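Please look through the model shown here with its charged side chains in mind, and follow how they pair with one another.

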Amino acid sequence: MRVFKGHTDWARCAVFHPDGKRILSGGRDRVLRVWDRQTGKLLKTMEHNKDWVERMAILPDGKRVLTAGGKALRLIEIDSVNPALVPGGAGEAEIAGVVAGWLSERGLDARVDEVAPGRANAIATARGSGG
């Protein structure tokens with residue numbers, strides 16, 4: 001028997017990932033956790049806002065999990081790279097830079113506005129004569 005330790009309050013639900021290598025769990029600590037099924041190692045933690053994780057189901061594509069808790073339903077990318085989720089991940093700032101570059105190549109005035117370290121938005125406006 002393997003014990004997966006990490007939740008700071010009651011674990012309420014768990015599911016096997018279709019790849020057979022991972023287990024996802026959630027609970028009253030408002031965190032979704034991804035575990036290595038063989039070793040029990042914690043691979044990732046994801047905040048679930050203000051609500052407990054009461055139920056979850058992995059979508060057939062294996063890329064997303066639908067969670068339910070309190071009044072919230074959340075659709076979460078399991079393998080997302082976000083600096084709040086994965087230390088040292090590429091995160092939103094790099095993605096926003098790529099998007100801003102793509103928009104600029106198509107004739108829009110684009111820039112990246114970083115609202116907090118690693119939390120960036122790509123903002124673009126269309127050039128025109130005004131109204």
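E105 is exposed in this predicted model, its relative accessible area being 65%, and a salt bridge links E105 to R106, with 3.4 Å between the closest N and O atoms. The arginine of this pair, R106, has a relative accessibility of 46% and therefore counts as partly exposed, because that class covers the range between the 20% limit for buried and the 50% limit for exposed.

This pair belongs to a structure that holds six salt bridges. Salt bridges with shared partners also join D19, R22 and D79 into one network. Within that network, R22 pairs with D19, and the closest N and O atoms of the two side chains are 2.9 Å apart. R22 is buried, since its relative accessible area of 14% falls under the 20% that sets the limit for this class, whereas D19 is partly exposed at 32%.

The other salt bridge to consider here is the one that D79 forms with R22, where the closest N and O atoms are 2.7 Å apart. R22 lies in strand β2, which covers residues 22–27, while D79 is found in the loop between β7 (72–77) and α1 (91–105), so the pair ties together parts of the structure that are 57 residues apart in sequence.

What allows side chains of opposite charge to pair? Such pairing can occur when their charged atoms come close. For the network, the relevant distances are the 2.9 Å between the closest N and O atoms of R22 and D19 and the 2.7 Å for D79 and R22.

Key. Residues are numbered from 1 along each chain as its sequence is written. This is a predicted model: local features need pLDDT of at least 70, side-chain atom pairs count only at pLDDT 80 or more; totals for chains, interfaces and linings use all residues. Side-chain values use heavy atoms; hydrogens and water are left out. A salt bridge is a side-chain nitrogen of Lys or Arg within 4 Å of a carboxyl oxygen of Asp or Glu. Buried means under 20% relative accessible area, exposed over 50%, partly exposed in between (1.4 Å probe, protein chains only). Helices (H or I, at least four residues) and strands (E, at least two) are DSSP runs, numbered from the N terminus.
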